[in-house]
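Reader: I'd like to learn how to read a fold, starting with the whole chain and ending with a single helix. Can you walk me through it?

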Amino acid sequence: MNEMKFDSPPAAPGVVNLPMLTLRGLCVFPEMLLNFDVERALSVAALNVAAEGDRTIFLLTQKDMSKEIPTQGDLYTVGTICYIKQLLRIPGGGIKVLVEGQKRARLKNILNDKSFFLAEVEPIEEPAPPKVTTKTEALIRKAVGLFDQYSSMTGHISKEAVVSIFTLTNPGFIADFIAQHLYIKPDKKQSILETLPPVRRLQRVCDILVREIEILDIERSIEEQLRSRLERQQRDHVLREQLRVIQSELGETADALSEFDEYRERIFSLKLPEETEKKLLKELDRLEKQHSSSSEAAVIRTYLDTCLELPWQTQSKERLDVRLAQKMLNEDHFGLEKVKERIIEYLSVRKITGKNAGTILCLVGPPGVGKTSIAISVARALNRKLSRIALGGVHDEAEIRGHRKTYVGAMPGRIVAALLQAGTRNPLILLDEIDKLGSDYRGDPSSALLEALDPEQNSHFRDHYLEIPFDLSDVMFITTANTTQTIPRPLLDRMEVIEIGSYTDMEKLHIAKNHLIPKQRKKHGLTGRQLRVTDEAILEIIAGYTRESGVRRLEQEIAAICRKTATKIVSGEMKSVSVKAGSLEEYLGARKYRPERLAGKDEVGLVRGLAWTSVGGETLDVEVSVLEGTGKLELTGNLGSVMKESAQAAVSYIRSRAARLGISSSFNKECDIHIHFPEGAIPKDGPSAGLAIAIAVISALTGAPVRRDLAMTGEISLRGRVMKIGGLREKTMAALRAGVKTVIIPSENLPDLEEIDQTVRNALCFVPCEHIDEILNVALDFSAAPPKPKAKAQENKQEESHMPILPDGTDVTSSIRQ
């Protein structure tokens, strides 16, 4: 080998220049021997230079073992000056080297890193061995005892090495000796090397020994458990082999035996909870004892297949990107801001906590407003599998919780079936039409849902068929309903209700342009050039061919236009179609709905009320006729019990205020009152017609006509107090469609105006009232009523003086009429 020469620059006082060899995963202590292999060119060159000199070399540990050529920042600062005792060159250019540590030293600088490392090293003067006190001797005994225990547990350290330190009294040497023989990470050894005070160094070695012994205890415990389990499996295997021989003698087939082994292997591979695993193995043992063609074997086999197909450990990776989810929800749906905001809140909490928020959302609104489709979009945004359970018409509790295995044809409930369909343990399960659950002698399905929809209980949901707990805490439930009135209160309390209101005509226009028409074009194979629909045509479809809160019927009409267009293009009649307002009868037939118009004049006994239905808001006329009779009250129009009671309360109120209203106090004995709601074939009921009935009866009794451009909603008490109602958003939209200008509402509903669309609020004048007396002169034109006696007229004048005054000083009546 070529001789390598290097002239070392002069060193500063107290500093020496030595060739340096960097170690990976090793650490050398003073007065200790270390044997290792050297293969890196820089390290071999450093050894050669040291061997040609006084055989002294500086050994320093790398922080990162993966670095092939480390820099000074990749090295610890404290190492060991060593003497090379032996070199053995091996084939391939490597060297086996035996070194003996001499002294701790600190790296000051690297002078050369080209052909080999030359380092400027400052030897560290270690403190003299301390006087052996009682405390020091106790620490030495503890360290030696722990080292003896550690060596016996690992078996890697010779007994002679342990015995050699029994009589030593130098704590620093004992600490270095033990640390050199420990199988621990290099950074821990380096920390011992850098600890200079002997007693503190020995204490640190004791701490490390205690932790290592604890880890070895745990490893031994795990190994014993594994050995015990392997012995049990080996024993079971031997017994099964014996059973296989016996059954082959009895004529049993090998396929059945392999089936049992497969079941057992699948059970163990799922790593189920102890209770579940024990239950399935018990069922498998029962199956092995059954004849393969028996009906009981078929039932057990079906049960095992169902249990093992459940997604015990499988789950889809949830997407927690809030911005992407917001973008996807906006792409799929227009409006529905409350729902989107709640989903984003759920995602944000999920991202921070890493846990399921445990919230059950209930989307309530009329048909066709997008309740089901928003749930589908949520599943897509969260990257969860979707399973839909239709609850409409479900009467049997077993539909939810499953049938017990004792019944013929038993099967799991719909929730477990949804999990099987999804194939993951964290799907989004949509419970559709939860307000249409029924109940009969077979049980109450809503009660069965209480456990599944309770975040505090559903972590151990038990299906009657499975008879083992399944964790539903990772499942996200979304329910839909048209109304909350038919949902049982305990079930409703477990859900967070989000109301989805009706769409305005402009919202429907936007939805049709951006969602419905492109969707139907694609479905019917048409392009944007082949079919164009103007905004005016869409608005005409909305007004003349649909009457709904959502857009379901609107989509059907657009689909009809697409079919007509496809027929014309295929027949060669035309290459493209442009649908404009006024030409819709060619595609959709005669107009189905005519716009509601106001009456030509104010009429007596006719009031336009407002009603909420499952398809949105509607105007509801109230007609009252006063006839000579004996005081009978006749109610017609297919009314429910609530509306009948509202009519009776209205008449009782009028009787109590007859003198002030200028009505004969004996009208209840001399007149028959007939209250009628047109379209008698349609059932009507609800707590919001009392105000309209009272005004209509007062109009009929006084002869004062009711303003034709006015509608009202509200329930009244016997004392005339106007009470809060629901569905104000839908009712006001119906009033706007009917051409109404003024709407009377209960004062308690004023906060609900914030939920109404801005277009509707700008088009209507809202008059709040707390008592019916406040709006008599607003709704009725007493100036057109027949003349009254002087006393009555004076009383009415006093009543007018109590009308509410607006901030500008005018009364409500004059303001509205202007």
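Author: Sure, let's start with burial: 47% of the 818 residues of the protein chain count as buried (under 20% relative accessible area; exposed is over 50%, partly exposed in between; 1.4 Å probe, protein chains only). This is a predicted model, where local features need pLDDT of at least 70, side-chain atom pairs count only at pLDDT 80 or more, and totals for chains, interfaces and linings use all residues. Residues are numbered from 1 along each chain as its sequence is written, and side-chain values use heavy atoms, leaving out hydrogens and water.

Reader: How many helices and strands does the protein chain have?

Author: There are 29 helices and 24 strands, taken as DSSP runs numbered from the N terminus (helices: H or I, at least four residues; strands: E, at least two). The chain is more spread out than a compact globule, because its radius of gyration is 45 Å, well over the 28 Å from the globule rule (C-alpha atoms; 2.2 Å times the number of residues to the power 0.38).

Reader: Which residues of α12 are buried?

Author: First, the general idea: an α-helix has 3.6 residues a turn, so residues three or four places apart point the same way. In α12 the buried ones include Ile 374, Ala 375, Val 378 and Leu 382.

Reader: What do the buried residues of α12 pack against?

Author: Their partners include α10 (322-332), α11 (337-353) and β8 (386-390), with contact meaning heavy atoms within 4.5 Å. Just after α12, Asn 383 has a positive phi of about 60°.
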